Amino acid sequence: RLILPDACNLLPLFCMSLSKSRMFRKSLGNRSSKPSPTADERCYHIFYGANVSPAMAMLSVHPALYQLNDMPPNAGDFVTPQGVNVDQYAGYSNIQETDDQTKASLTPYVQLPPSIKPSVAYLRENGIYLMDDGFNMFVYVGREVPIGARTEVLSFDDGSNLIGGNSSITVSTSSDIGARIRRIASQLRRSYMSSAFETCSRPVYPKLLVVFGRGGHGFRSTVDDLLEDEIMDSLVEDTKSNGEDGYVDYLMNMQKRVRNATS
């Protein structure tokens, strides 16, 4: 067993995710003609990772994944920390201490759903998920999600888009779950909470993109192919087709190397 100090427990996960990120992974061909990542994309991601906070750097190599169609009842609702009077809350006027951590800890926020591991093992074909990779947010709709659930979560121009239409499909603004998803995305755009008292502002404004899984109703165009490939590439804890290890195999190989180096 690989034994690390408590502060370094996630170091192997970060190292593996970093090696699979667009900063350092090999450029591979995809369904389009261009390699992924391109040289410009690689340079941008290296520059980005070197200049953002540790929490945002981790998010860019190990994305956050949330299941949306099975959220706790309070997910997507506003939470007011104890001691804050919402009626009088304006410009921190009722808060005596003015340091940034105190303000962040007392600011009303949107409750996020529990995150799940970025692995295909946690994706169900009848599930709807939100992936946040630091640059974009993807609402991934599994291929077996019923039409009724799609119409509740998404907003379509007309009925023809339920089976295949144009790209003007967004998260619904009229349904309760659509409003909750939009509030979750808004909270993630404003800040990324790395702890109970630390707020990391984002240097970019991520788009909210709807992506349909292959083979199901509502598969729109080749754009979905490219976006789904990007999502699958971001599932860093999986074994990749190019021979990259999953997290369990990565830890086992690291343990063998440490044992061989110390024996």
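Below are worked exercises on a predicted model of one protein chain.

Residues are numbered from 1 along each chain as its sequence is written. Because the model is predicted, local features need pLDDT of at least 70 and side-chain atom pairs count only at pLDDT 80 or more, while totals for chains, interfaces and linings use all residues; side-chain values use heavy atoms, with hydrogens and water left out.

**Exercise 1. The chain as a whole**

Task: State how many helices and strands the chain has, and what percentage of its residues count as buried.

Solution:
Step 1. Helices (H or I, at least four residues) and strands (E, at least two) are DSSP runs, numbered from the N terminus. The chain comes to eight helices and 13 strands.
Step 2. Buried means under 20% relative accessible area, exposed over 50%, and partly exposed in between (1.4 Å probe, protein chains only). Of the 263 residues, 38% count as buried.
Step 3. A contact needs heavy atoms within 4.5 Å. Among contacts with a separation of 6 or more, 64% come from residues 24 or more positions apart.

**Exercise 2. Aromatic rings**

Task: Count the aromatic pairs, then classify the pair Tyr44 and Tyr48.

Solution:
Step 1. A pair of aromatic rings is described by the distance of the centres and the angle of the planes.
Step 2. Rings of Phe, Tyr and Trp (its six-membered ring) pair if their centres lie within 6.5 Å; planes under 30 degrees apart count as stacked, over 60 as edge-to-face and the rest as tilted. The count under this rule is three aromatic pairs.
Step 3. The centres of Tyr44 and Tyr48 are 6.2 Å apart and the planes stand at 40°, so this pair is tilted.
Step 4. Both residues belong to helix α2 (residues 39-51), where a spacing of four residues separates them by about one helical turn.
Step 5. Tyr44 is partly exposed at 40% relative accessible area, whereas Tyr48 is buried at 4%.
Step 6. Ring pairs join Tyr44 and Tyr48 with Phe135 in a cluster.

**Exercise 3. Val204 in its loop**

Task: Locate Val204 and list its contacts beyond its neighbours within four places in sequence.

Solution:
Step 1. Val204 sits in the loop between β12 (199-200) and β13 (207-212).
Step 2. Its relative accessibility is 23%, so Val204 counts as partly exposed.
Step 3. With neighbours within four places set aside, Val204 contacts Tyr44, Tyr48, Gly134 and Phe135. Tyr44, Tyr48 and Phe135 are the residues of the ring cluster in Exercise 2.
Step 4. The C-alpha atoms of Val204 and Asn136 lie 9.1 Å apart, although 68 residues separate the two in sequence.

**Exercise 4. Helix α3 and the cavity**

Task: Explain why helix α3 is described as largely enclosed, and name the residues that line the largest cavity.

Solution:
Step 1. Helix α3 covers residues 54-61, and six of its eight residues are buried, so the rest of the structure largely encloses it.
Step 2. The buried residues of α3 are Ala55, Met56, Ala57, Leu59, Ser60 and Val61.
Step 3. On a 1 Å grid over the protein atoms alone, a cavity is a set of points where a 1.4 Å probe fits but cannot get out; lining residues have an atom within 4 Å of a point. Searching the whole structure gives one cavity of 30 Å³ or more.
Step 4. The largest cavity holds about 30 Å³ of space, a volume being the space filled by probe spheres set on the points.
Step 5. Its lining consists of Ser21, Arg22, Met23, His45, Ser60, Val61 and Phe135. Ser60 and Val61 are also among the buried residues of α3.

**Exercise 5. Cysteines**

Task: Find how many disulfides the model has, and say why Cys15 does not form one.

Solution:
Step 1. A disulfide is a pair of cysteine sulfur atoms within 2.5 Å. The count is zero disulfides.
Step 2. For Cys15, the closest cysteine sulfur is that of Cys8, at 9.7 Å, which is too far for a bond.
Step 3. Cys15 is partly exposed at 31% relative accessibility, while Cys43 is exposed at 52%.

**Exercise 6. Ser175 and Ala185**

Task: Place Ser175 and Ala185, and decide whether each is buried or exposed.

Solution:
Step 1. Ser175 lies in the loop between β10 (170-171) and α6 (176-190). With a relative accessible area of 14%, Ser175 is buried.
Step 2. The Ser175 side chain reaches the backbone oxygen of Glu152 at 2.4 Å.
Step 3. Ala185 is in helix α6, and Ala185 is buried at 1%.
Step 4. Not counting residues up to four places away in sequence, Ala185 touches Met137 and Leu208.

Note on methods
A polar contact is a pair of N or O atoms within 3.5 Å; within protein, one must be able to donate a hydrogen and the other to accept it, and residues adjacent in sequence count only if both atoms are side-chain atoms. On a 1 Å grid over the protein atoms alone, a cavity is a set of points where a 1.4 Å probe fits but cannot get out, and a pocket is an open set with protein on both sides within 12 Å along at least five of seven lines; lining residues have an atom within 4 Å of a point.
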